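Hi there,

Here is the structure I promised to send over. Please have a look at it first, and then read on for what turned up.

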Number of protein chains: 2
Amino acid sequence: MAEKAFDTKRFSAGAIAEFIQRALVAVEMPREDARIVAKLMTEADINGSDGHGIFRLPGYIRRIKEGGLNLKPNIHVERDKSGMALVDGDNAQGHLVMRYCAELAIKKAKDSGVAWVGTHHSNHAGPAALYAKMPLAEDMIGLYVAIGNANHLPPWGGVEMLLSTNPIAIAVPGKNEPAIVLDMATTVAAYGKVKTAVQRGEEMPEGWMIDRHGQPLTDPTKSDEGFLMPIGGPKGYGLALMFGLLAGTLNGAAFGKDVVDFNVDFKTPTNTGQFIVAIDIAAFGDVDAFKQNVDHIYRAMKASPTLPGYDEVLLPGEQSHKKRQDRTQNGVPIHSGLLKSLAKTANELGVVTLE
Amino acid sequence: MAEKAFDTKRFSAGAIAEFIQRALVAVEMPREDARIVAKLMTEADINGSDGHGIFRLPGYIRRIKEGGLNLKPNIHVERDKSGMALVDGDNAQGHLVMRYCAELAIKKAKDSGVAWVGTHHSNHAGPAALYAKMPLAEDMIGLYVAIGNANHLPPWGGVEMLLSTNPIAIAVPGKNEPAIVLDMATTVAAYGKVKTAVQRGEEMPEGWMIDRHGQPLTDPTKSDEGFLMPIGGPKGYGLALMFGLLAGTLNGAAFGKDVVDFNVDFKTPTNTGQFIVAIDIAAFGDVDAFKQNVDHIYRAMKASPTLPGYDEVLLPGEQSHKKRQDRTQNGVPIHSGLLKSLAKTANELGVVTLE
């Protein structure tokens with residue numbers, strides 16, 4: 001898979017992870033926590049989630065410097081039954097909270113078959129697929145939903161920004177084919193894509209955003225004059241709302257008017273909510289037979305003849321899988337705009353920048 | 001709420017349920033089962049799910065007459081852990097299977113906090129919201145996903161019909177406001193809407209379907225020359241696929257090429273898969289506080305100023321709630337085309353038609 005080399009430079013996963021860890025340690029995140037966060041953020045970049053990996057570092061650093069994040073958290077189970085748990089993230093970096101929750105859900109699902117773990121007092125944790133994929137190694141299906149950390153979406157027909165792009169990810173393991181991994185915002189475009197368009201100086205296609213008069217908005221630097229469009233109109237709005245109730249309200253996390261815009265406010269704890277469900281395939285039947293059936297589905301989709309204008313059918317997660325193969329071997333391409341921003345952060349922290 | 005009276009006649013819920021029961025008993029469904037199915041089908045009509053209530057009766061009757069349904073089923077738990085169960089529907093009418101599963105999920109969730117119950121060897125069960133709403137009475141959230149009983153959707157970019165509209169419903173209780181109930185297909189329009197358009201002699205709007213050359217298809221009588229469009233393009237395809245893996249493949253139910261088109265084949269057992277998740281709000285926190293928070297969300301959405309062209313913001317399930325109020329009081333409007341079809345069915349069965 002050839003990625004556009006224009007204005008980008010490639011860096012190894014190791015170099016990226018080390019830089020992130022250096023930066024986080026410089027703002028006094030404990031070394032082991034910094035290592036875990038750096039590893040997960042780098043994973044995001046390797047998987048092609050360009051808006052959710054190292055791209056987020058300057059924002060995270062700023063939050064830590066302004067006191068908006070708890071660097072000595074006590075992440076713990078607050079409520080617990082056999083099929084669920086509610087975890088208090090104690091305002092820790094979201095990656096640490098969600099890794100804890102995914103491991104807990106996996107452990108519980110070994111006994112209960114299916115386990116649902118929700119969080120509150122969590123924070124932005126990177127791409128949804130990162131956590132949905134964690135149960136795969138245990139022959140489990142993962143399902144993850146998060147409240148986005150800024151509202152960019154009004155209810156359908158409205159103009160007040162009350163909803164985020166609340167994403168969902170679902171990961172299902174195959175036998176010989178790659179896992180099928182859906183990771184999607186409930187909007188046509190995730191806000192991270194708008195942010196990367198700004199940094200790259202690109203226009204947005206029509207359909208991503210509209211302005212307050214209902215007209216298409218294509219200049220990403222004017223994104224605060226409009227809002228993201230939900231997929232399928234009222235349906236995407238409905239999904240964003242229900243996911244918000246499940247990941248936010250049910251967990252006692254912020255939703256609606258209470259959501260803290262982490263692009264603007266770096267001090268107030270976000271009280272982010274997420275949930276992950278681990279589904280133990282063995283509880284439902286034979287694991288090997290299931291994985292073979294998933295392979296059959298995978299191949300049947302790939303074998304479909306295509307519509308005019310399409311070269312091939314893609315499975316959810318297939319592009320990410322190809323990027324992962326490329327980036328593991330050839331490094332992660334980082335855009336010059338992001339490199340400048342990272343160099344500025346490194347300079348402020350007095351650490352060696354990514355090189 | 002005023003519904004278009006043109007070419008429709010209203011019938012009381014009681015009259016509809018009695019007619020459905022008469023018809024099902026006439027084809028030898030046991031009286032108590034027929035009563036339950038008739039009640040749930042009528043509920044669908046009261047709630048405004050016009051494509052999923054009495055509209056389906058002639059098809060169900062034909063399936064029974066042709067031997068495609070088991071009238072003496074042994075619906076039973078095949079696998080069971082504290083957080084899940086797999087139910088064998090024994091090729092029973094789907095309403096009976098899903099009622100069994102919803103009650104089981106509720107019972108299990110009282111102990112486990114969250115319970116996931118999947119089915120195989122089930123059948124079409126009517127609208128998704130019917131089952132997602134069942135846990136509400138126990139102060140639980142319901143989440144339901146089903147495999148559709150006919151493939152109308154290719155994978156994104158493809159032309160082979162490998163996917164159904166696999167719907168999702170999520171129901172969350174409020175305190176003083178109505179429950180928020182999302183019930184949506186993963187396609188722009190559900191296939192039931194195409195069917196009702198045929199019966200009513202109406203054109204479809206552009207965006208519902210495309211033909212095999214990628215051109216808009218608006219004549220619903222030509223629906224077999226094209227396919228439904230997923231919401232958000234590849235995202236809706238992704239959702240339909242993942243829901244299929246979860247409701248179908250995981251449960252050992254039909255998915256992909258194995259789906260039996262119940263519009264054409266009335267003999268082969270469909271091996272339909274569904275799942276329902278019951279989430280006990282009390283396991284996560286105070287129930288009353290939760291419901292009040294849901295009310296706050298509800299009112300905040302309603303209070304949003306509107307876009308040009310929109311009179312008000314609607315919550316998921318609000319239109320259904322209004323229809324329910326109207327239809328409970330004034331009866332269910334039934335279109336003349338459907339009435340004719342029902343009279344024909346009644347005549348064939350030698351029972352008194354809906355009147």
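Before the symmetry, one definition: copies are superposed by least squares on the C-alpha atoms of residues with pLDDT of at least 70 in both. The pLDDT comes in since this is a predicted model.

**The two chains**

With that in hand, chain B falls on chain A after a rotation of 180°, with 0.0 Å of shift along the axis and an RMSD of 0.0 Å. The two copies are therefore related as by a two-fold rotation axis. If you want to find that axis from chain B, look for B:Gly83: its C-alpha is the nearest to the axis in that chain, at 2.3 Å. Both copies use the same surface, and 100% of the contact residues of chain B recur in chain A.

How many residues does each chain bring to the contact? Chain B gives 63 and chain A gives 64. On the chain B side, strands 2 (76-81), 3 (84-88), 4 (114-122), 6 (168-172) and 7 (180-184) each supply at least two residues, and so do helices 7 (234-247), 8 (281-284) and 9 (287-302). By class, that side of chain B holds 36 nonpolar, 21 polar and six charged residues.

**The sheets of chain B**

Several of those strands belong to an open sheet of seven strands in chain B, with the order 2-3-4-11-5-6-7 and mixed pairing. Strand 2 and strand 7 of chain B are its edge strands, each pairing on one side only. On average, neighbouring strands in this sheet are turned by 10° against each other, direction ignored. Within the sheet, strand 5 (residues 140-146) and strand 11 (residues 272-280) of chain B run antiparallel and are joined by seven bridges. One place to look is B:Val145, which stands opposite B:Phe275 of strand 11.

Chain B also has an open sheet of three strands, ordered 9-8-10 and paired antiparallel. Strand 9 (216-217) and strand 10 (226-228) of chain B are at the edges with a single partner strand each, so one side of each has no neighbour in the sheet. Strand 8 (residues 209-211) of chain B pairs with strand 10 of chain B over three bridges, in the antiparallel sense. There, B:Asp211 is opposite B:Gly226.

**The domains of chain A**

Chain A is divided into domain 1 (1-65 + 320-355) and domain 2 (73-187 + 230-303). Taken over C-alpha atoms, the centres of these two domains of chain A are 23 Å apart. Their contact involves 16 residues of domain 1 and 12 residues of domain 2 of chain A. Which helices of chain A supply at least two residues each to the domain 1 side? They are helix 2 (31-46), helix 3 (57-65) and helix 10 (318-330). Helix 2 of chain A gives the most, with seven residues. The domain 1 side as a whole has five nonpolar, seven polar and four charged residues.

Helix 2 of chain A also packs with helix 4 (residues 94-112) of chain A at an angle of about 85°, their axes 9 Å apart. That angle makes the two helices of chain A roughly perpendicular. From helix 2 of chain A the contact takes A:Asp33, A:Ile36, A:Val37 and A:Leu40, and from helix 4 of chain A it takes A:His95, A:Leu96 and A:Arg99. By class, this helix pair's contact in chain A comes to four nonpolar, one polar and two charged residues.

Happy browsing, and all the best!

Methods
Residues numbered from 1 in each chain as written. Chains lettered and ligands numbered in written order. Predicted model: local features only at pLDDT ≥ 70, side-chain atom pairs only at ≥ 80, totals over all residues. Domains from an automatic or database assignment. Contact = placed C-beta atoms within 7 Å. Helix = DSSP H or I, 4+ residues; strand = E, 2+ residues; numbered from the N terminus. Nonpolar A, V, L, I, M, F, W, Y, C, P; charged D, E, K, R; others polar. Axes fitted to C-alpha atoms, helices over the stretch in contact; angles between N-to-C directions. Parallel < 35°, antiparallel > 145°, perpendicular 65-115°, else oblique. Pairing = 2+ DSSP bridges.
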